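Visitor: Please take a close look at the surroundings of the ligand. Then work outward from there.

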Amino acid sequence: MNDNTLRMQSRNTSAQALISNIAIEIENLTVNYGKNPVIKGLSLEVPVGSIYGFLGANGAGKTTTIKTLLGFRPPNSGRARVLGYDVVSQQREICRRVSYVSETNSLYEYLTISQLCHLCRDMQQHWNQEIVNRYIHTFELPLNKRVKYFSKGMKSQLALCLALGNDPDLLILDEPTTGLDPVARQVFLTTLVSDVAAAGKTIFFSSHILSEVEAIADHVAVLHHGSIVLNDEVDNLREMQKVLHLTYVEQPPAEELERLRRWPGVHLFEQEGRTVRLRIEGDVDALTKSIQARPYEPRNLEVVSVQLEDLLIEYIKGGGK
Ligand SMILES: Nc1ncnc2c1ncn2[C@@H]1O[C@H](COP(=O)(O)OP(=O)(O)OP(=O)(O)O)[C@@H](O)[C@H]1O
């Protein structure tokens, strides 16, 4: 098979990804380190054009998943496709169309930015120096200083500039803003939203900084011990999860409390004396009507939206149970 045939095939495969509207497709993926399963039956679909936040506690398996998506770590079972390319058999194609920025960016430290750009231009088929120049200017990075003299934050900024120079269809970022000061972080995030996402590209990023996830992500998935425990559009999460605050005249009997605890969709039940707090997903109206029709009708019933950050913390620390 010659290079032209391969290019034709790869364009077709990538086009398939765009037609199916799925940038990343993971199906029942399992990845072990030795005998230790780290990713356990993970399934996930990342729509083309989304900004997808990938969350989880330390050691949950985020980096391992990302390494598998980039073809660096083979799955033990299941399969994954990135832009329509299989991560095992089509890693070369994935590397052409996907840019990756990690917390520990391995840049050629003894080179300057100008020298690095020369090197990238020679290596990358889709290199766009104009884009890189624009971002280097935005981040005010010095062109002629060796990278080894850059601060950690400057290296992250440079890694993003170089990643964007490849004009990728998909940007995969593994804790990209670690080490950035608040101003630099804001510039970084604004760049992602206003330039990269606005151009219809997909961004898949892991992060521990929930405020930044809330600020830019339109989808979010939470990984807990190698399995997905939450996966939804951010707007749905904001809409679907509510908290009911109930205040009774006197403490309801145990069977009434048990009934509330067991109501379908109740994720969290807290009771202290005459007050009950329920976090519920789904049909809040049905529950409130049912509560109001009970002989132990509360004196006060209040429905409030869950703070997204609180919800995410709950899933990150305990799988949402
Ligand atoms: N090379 C390796 N050999 C053996 N075990 C590993 C290796 N790399 C990671 N692990 C283990 O796999 C699990 C998942 O690690 P991973 O780095 O994917 O987690 P993570 O979610 O990215 O964590 P963090 O948020 O701390 O970066 C951890 O238990 C880790 O100890």
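Guide: Helix 2, residues 62-69, is the top contributor to the shell around the ligand, giving three residues. This is a predicted model. The full shell reads Tyr 33, Val 38, Gly 56, Asn 58, Gly 59, Ala 60, Gly 61, Lys 62, Thr 63 and Thr 64. By class, that makes three nonpolar, six polar and one charged.

Start with Tyr 33. This shell residue has Asn 36 of strand 2 as its bridge partner. Strand 1 spans residues 22-33 and pairs with strand 2 through nine bridges, in the antiparallel sense. Val 38, also in the shell, falls within the 36-47 range of strand 2. Both strands belong to an open sheet of four, ordered 2-1-4-5, with antiparallel pairing. Its edges are strand 2 and strand 5 (85-86), and each of these pairs on one side only.

Now Gly 56, another member of the shell. The range of strand 3 is 51-56. The domain assignment gives domain 1 as 49-72 + 91-225, and domain 2 as 237-318. The C-alpha centres of the two domains are 41 Å apart. Contact between them involves eight residues of domain 1 and seven of domain 2. On the domain 1 side, strand 3, helix 8 (210-216) and strand 9 (219-224) each give two or more residues. Strand 9 gives the most, with three. The classes on that side are five nonpolar, two polar and one charged.

Next, strand 7, residues 170-174. Five of its five residues are buried, so the strand is largely enclosed by the rest of the structure. In a regular strand, side chains alternate between the two faces of the sheet. Here both faces are covered. Leu 170, Ile 172 and Asp 174 are buried on one side, and Leu 171 and Leu 173 are buried on the other.

Strand 7 has parallel partners. Strand 6 (residues 98-102) joins strand 7 by five bridges, running parallel. Strand 8 (residues 202-206) is also joined to strand 7 by five bridges, again parallel. Follow Leu 173 across: Val 101 stands opposite Leu 173, and Leu 173 stands opposite Phe 205 in strand 8. The link from strand 7 to strand 8 involves helix 7, residues 182-196. Together, these three elements make a right-handed β-α-β unit.

Key:
Residues are numbered from 1 along each chain as its sequence is written. This is a predicted model: local features need pLDDT of at least 70, side-chain atom pairs count only at pLDDT 80 or more; totals for chains, interfaces and linings use all residues. A residue is near a molecule or strand if its C-beta atom, placed from the backbone, lies within 6 Å of it. Ala, Val, Leu, Ile, Met, Phe, Trp, Tyr, Cys and Pro count as nonpolar, Asp, Glu, Lys and Arg as charged, and the others, Gly among them, as polar. Two strands pair if DSSP finds at least two bridges between them. A residue is buried if 20 or more other C-beta atoms lie within 10 Å of its own, exposed if 12 or fewer, and partly exposed in between; C-beta atoms are placed from the backbone. A crossover is right-handed if, with the strands pointing away from the viewer, the path from the first strand over the helix to the second runs clockwise. Domain bounds come from an automatic or database domain assignment. Two residues are in contact if their C-beta atoms, placed from the backbone, lie within 7 Å.
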